[in-house]
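Me: I would like to go through this model and ask, for each label put on it, what the label rests on. Please set the value against the cut-off wherever one is needed.

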Amino acid sequence: MDIVDLSRLQFAFTAMIHFLFVPLTLGMAFLLAIMESVYVMTGKTIYRDMTKFWGKLFGINFALGVTTGIAMEFQFGTNWSYYSHYVGDIFGAPLAIEALMAFFLESTLIGLFFFGWDRLSKEKHLAVTWLMALASNLSALWILVANGWMQHPVGSVFNIDTMRMELTSFSEVIFNPVAQVKFVHTVSAGYVTGAVFVLAISSWYLLKGRDLPFARRSFAIASAFGLASALSVIVLGDESGYEIGDVQKVKLAAVEAEWHTHPAPAAFTVFGVPNEQTQTTDYALKIPAVLGLIATRSVTEEVAGISELKEKHLERIIRGQEAYVLMTQYRAGDKSAATINRFNEVSADLGYGMLLTAYTDDVANATAEHIAQAVEDSVPKVWPLFWSFRIMVACGVAMLVLFAAAFWHSAKRTVDKPRWLLKFALFSLPLPWIACEAGWFVAEYGRQPWAIGEILPTHLAVSQLSVSDIWFSLGAIVVLYTIFVIIEMWLMTKYARLGPSSLHTGKYDLESPATVKEA
Amino acid sequence: MDYEALRFIWWLLIGVLLIGFVVTDGFDMGVAALLKVLGKSNDERRVMINTIAPHWDGNQVWLITAGGALFAAWPTVYAASFSGFYIALMLTLFALFLRPIGFEYRAKIDNEQWRSRWDWALTAGSAIPALIFGVAFGNLLQGVPFYFDDILRLHYTGSFWALLNPFALLAGVLSLLMIVNHGATYLQLKTEAELKTRSEKLSVVLALICAVIFVLAGVWLFLAVDGYSVTSIIDTNGANRTTDKTVLISAGAWFSNYAKWPLLWLAPALGVAGFLICALASKTQRHITAFISSSLAIAMVVLTAGISMFPFVMPSSTTPAHSLTMWDATASETTLMIMFVVACIFVPLILAYTAWSYFVMRGRLNEQHIRDNSHSLY
C-alpha cells in the first residue's frame, strides 16, 4: 500500500471510530436536558436520578468522543498537509469557529454538569445542561459546514499566486445547501441514536422486571423523542442535496446504480446486484418514477447516469489538463496576458487536470490511456455505495417502526408493554450505529476520487510522509483504539447492568451490599 | 484595518491562544503529572484529580482552539509543522488520548490496580505532551529541514531522532518542569494539610530550577544557535510569496529584535522574575501569588520564544528562503478578518464562563470530602 491508501485508511478508521461516539453524545445531551427539565418542573427526584444515571453512561461515551476527536483535528495537518495548505483558508475557519463557539462551551459546562449538582441551584444546573446540549449541536453544525464544503465547495476561488483556494464569501460557505441538509440529517440521526440507546436499555430493565418506575419513564421519554427524530431523519434525509454539483450527481448515480441516463422520471432500484463489468444491475427490482421524484422533485427532469457523467468528465479532464499546464507555465515565470487569460477560461477544470497526476508526472503529455484511466476513476465503485445506502435506509425504517410501536404503547399508558416490543427494542440497539456508519460511508466514499469536490483530488491532498511513518501511526492507533473501545464497552455494559443502583441513593433495586461495593 | 495589521494581530492572537493553553491546561497537566509524586494514597490522588476534574476538559480546548486557529489563520504553518513533526505529533496525540478516558474511567471501578494503572496513564498523558511541545519549540528556534516543491507541496527531509538534539531537549525539560511547577502551585491553592505542604516544598525547588534553565537556554541560544533574518523586502500587505524571499542565517540574529526595541527585554526578565517570585511565594505560603507568578512566568517563556523568532514562525534550515513567517504564510485577508471578528466576540465570552465555572467550583478539597462523596466524584 502506498501513502495515499494508508493515509485514507487511517483517516477512515479514526473518523468511523470517532463517529461511534458522536451521535450518542448529540442525542443523549438533549435527552438529559429533557429529563432534567421534567425534574425541575415537577420536583420529582426520580427524574433527577434518571438524569444522573443516564448522565453516567453519557460520560463514559463522551470521554472516548473527546479522545478520538483530538485525533481528527490533528490529522488534517499531520496526514493531509497539502489539503491543509490548499483549502485551509476556507476549511480551517469553521473548525476554529467550532472550537471557539461550541466546543469550549460544551467542555466547560460538562464539568459543571457532573460536579455542579450540589453547588448550583436547580434552575442554574438545568441551564447548564441545556447549554451543553445546545453547544454539542452547534459543534455538529460547524463540522458539517466544513464537511459540506468538501462535498460542494462554494464561496471560494483559486489563487494562482498563493497556489490555493481562497475565501470569497463566508455566508455562501455557511448557507451551503449541502451543509444545511447534512446538518439536520446528521443531528437527527444522533437523536435517534440516543433514543434507541435509552429505549433498549430501559426495555431490558422492563424485561427483567427491575426498576420499573425508572425504566417506564425512561422508555416513555425515549419513545416520544425517538419517534420525532426518526421521522425527521427520514423526511429531512440527504436527497435534497443531491441535485447540486457533479460530485453529488455522481454519488446519486452510484448509490442508485444508475448506469445510464433514462428518460424522466427515473425508476428507483429497491434491490439488485450491481455489476461493474457489464455496467448493469442484475436481478434489479425497480419501482417506476420514484427516483426521479426523490432526486429532482419533478417528473420531467432526468437523473444523470454514470456513463453520461463520465463523458462529461472526459471533456473536463481535457480542459483541466490545459489548465494544469498553463498553471505550471505561469508559476515557472510566464506571466503573459495570453497565458493568464486562457488560464482563467479553463481554471474551473484545474481539479480535473490534477486527476491526471495520479497516472503520470508529465501532465502536459498524458497519453489517451492515462486520460481514459482518469475518466474511469472519476466515479467511485458502485456496489459499496449501493449496498451501504440500502443498509442505512433499512435500519432507518426498522427504527421508525420501533418508535411508532413504542410511542403507541407509551401514549396508551400500557403498564405492561408487550414482550415482543421490549425484545424488539433491545435487539435494535446496534441499528443506529450501523445506520450512522453506513451513512458516513456513503457520504465520504461517494465523494471519491475527490478530497474537495472537483477541486482537489484525494491522492494529491496527502502529506509527503514515508510509508513506514504511516504504518507506525496506523498500527498504534488501531491497537490503542481497540483497547479503548473494549474498555468502554465493558464499562458501559457494567453500568447499564447496575442501572440506577449505581447512584447509591438506596432507592433502587439491586442495592444489596455486594453491588454497593462494586461501583 | 489592512492586511498587514491583521497579520500582526493574528501573530498576537495565536500567542494568546498558546499562552491560554499553557496557563490553563498547563496546571491540570502539571497536577496529573504529579499524581504519583505527591499523592501518597488513593484518597490523596483522588483529591488531586478532583481539583482539576471539573476544569481539565474546558482547559484542553485551548489546545484544540490553538490548533484550529492555526489551521484557519496560518494554514501553511499548520500543514508544515504538523506533517513535519509527524512522529512527535503522533506520540503527543497518543499521550493525549489517555487523558479523557483516564479521568473518566479511573473512578468507575474501585480497584487498587485499576486505579494505579490509570494514574500512570494520566501521568504519561500529561507529561509527554509538555515535554514534546518544548522539544518542538527548541527545534523551531534552530530551524527545521523542509522545502516546498513547485506546486507548494511540503517535503520534510529530517528524521524524528534529529529532533532530539541537546538544545531541544533542554527546551523540553524546561517546558515539562514549568508545567509541573504550575500544577504544584495550583495544588497549593486547592488542597489542604500534607498535600499542600508537599506542593509548596516542590514549587520552591522547581521554580528555581526553571529560572536557571530558562537563563541557561537564553545564553545557549545567544552563543551557539544561529538565528534567521529576512534580507529581502516582504510585501506585508500583499499576497503570500512564501518561497520568494532571501533569508540569512547568522549568529545572534535571534537577538536582533531586542537590540532594536530594548523594551522587549521585559518579556524574558519577567519570565525569570516570575519563577523567582513563585519560589519565594511558595516558601512563604502566599498561594495566590505563587500561582499568578507561575502563570506569568510560563506566559513570558512562550512570549520570549515568539519575540526572538519574530517574524519567523517556522524557519527552514535547509532551504532558508522557504522559511515561514507571519507575513507570508497567512490566510487571505478575508479569512483573517472574519476570524478576527469571531475571536473578538467569543474569546471574552469564553473567559467569562470559564471564570464562572471556577467560581462555582471554588474552595479547597480534602480527603474527607472525597470519602463523603465517593460515588459522585472522580
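Reply: A start can be made with confidence in chain B, since this is a predicted model. Among the elements of chain B, mean pLDDT is lowest, at 90, in helix α14 (residues 367-372) of chain B, and highest, at 98, in helix α11 (residues 266-283) of chain B. Chain B as a whole has a mean pLDDT of 95, with 100% of its residues at 70 or more.

Me: What are the mean pLDDT of chain A and the share of residues that score at least 70?
Reply: The average for chain A is 92, and 97% of the residues score at least 70. Residues 514-519 of chain A stay under 50. For that stretch the model has eight contacts beyond four places in sequence. Where pLDDT is low, predicted coordinates should not be read in detail.

Me: Which scores does the predictor give the complex?
Reply: The complex receives an ipTM of 0.94 and a pTM of 0.94.

Me: How many residues does each chain bring to the contact between chain A and chain B?
Reply: Chain A brings 60 residues and chain B 57. On the chain A side, the elements that give two or more residues are α2 (45-79), α3 (81-115), β2 (164-167) and α18 (467-498) of chain A. The largest share comes from α3(A), with 24 residues. By class, the chain A side holds 33 nonpolar, 19 polar and eight charged residues.

Me: Why are α1(B) and α4(B) called roughly antiparallel?
Reply: The axes of helix α1 (residues 3-33) of chain B and helix α4 (residues 56-73) of chain B cross at roughly 155° and come within 8 Å. Angles over 145 degrees count as roughly antiparallel, and therefore α1(B) is roughly antiparallel to α4(B). The crossing of these two helices is left-handed. On the α1(B) side the contact includes W10(B), L13(B), F21(B) and D25(B), and on the α4(B) side W56(B), W62(B), L63(B) and A73(B) are among the residues. The contact of α1(B) with α4(B) is made up of 13 nonpolar, five polar and two charged residues.

Me: What makes α8(B) and α12(B) roughly antiparallel to each other?
Reply: For helix α8 (residues 166-190) of chain B and α12(B), the axes cross at roughly 160° and come within 8 Å. The cut-off is over 145 degrees, so α8(B) and α12(B) are roughly antiparallel to each other. Their crossing is left-handed. Among the residues that meet are M178(B), H182(B) and Y186(B) in α8(B), and H287(B), F291(B) and V301(B) in α12(B). This contact of α8(B) with α12(B) has nine nonpolar, six polar and no charged residues.

Me: Why are α1(A) and α18(A) called roughly parallel?
Reply: Helix α1 (residues 3-42) of chain A packs against α18(A) at an angle of about 20°, with the axes 10 Å apart. Angles under 35 degrees count as roughly parallel, so α1(A) and α18(A) are roughly parallel to each other. This crossing, too, is described as left-handed. The contact includes L6(A), F13(A) and I17(A) of α1(A) and W471(A), L474(A) and Y481(A) of α18(A). Its residues are twelve nonpolar, four polar and no charged.

Me: How are the domains of chain A assigned, and how many residues of each are in contact?
Reply: The assignment gives domain 1 (3-244 + 382-486) and domain 2 (307-376) of chain A. Nine residues of domain 1 of chain A are in contact with ten residues of domain 2 of chain A. On the domain 1 side, β6 (456-457) and α17 (458-461) of chain A each supply at least two residues. That side has seven nonpolar, one polar and one charged residues. The centres of the two domains, taken over C-alpha atoms, are 38 Å apart.

Me: Which peptide bond of chain A is cis, and what is its omega?
Reply: The bond joining Q448(A) and P449(A) is cis, with omega about 10°. P449(A) lies in the loop between α16 (431-445) and β5 (450-452) of chain A. In chain B, the bond from F310(B) to P311(B) is cis, with omega near 0°. P311(B) is in the loop between α12 (287-309) and β5 (312-314) of chain B.

Me: What is notable about the phi of A257(A)?
Reply: A257(A) is not a glycine, yet its phi is positive, about 50°. Most residues other than glycine have a negative phi. A257(A) sits in the loop between α8 (245-255) and β3 (268-275) of chain A.

Conventions: Residues numbered from 1 in each chain as written. Chains lettered and ligands numbered in written order. Predicted model: local features only at pLDDT ≥ 70, side-chain atom pairs only at ≥ 80, totals over all residues. pLDDT = per-residue confidence, 0-100. Helix = DSSP H or I, 4+ residues; strand = E, 2+ residues; numbered from the N terminus. Domains from an automatic or database assignment. Contact = placed C-beta atoms within 7 Å. Nonpolar A, V, L, I, M, F, W, Y, C, P; charged D, E, K, R; others polar. Axes fitted to C-alpha atoms, helices over the stretch in contact; angles between N-to-C directions. Parallel < 35°, antiparallel > 145°, perpendicular 65-115°, else oblique. Left-handed = near helix turned anticlockwise from the far one by under 90°.
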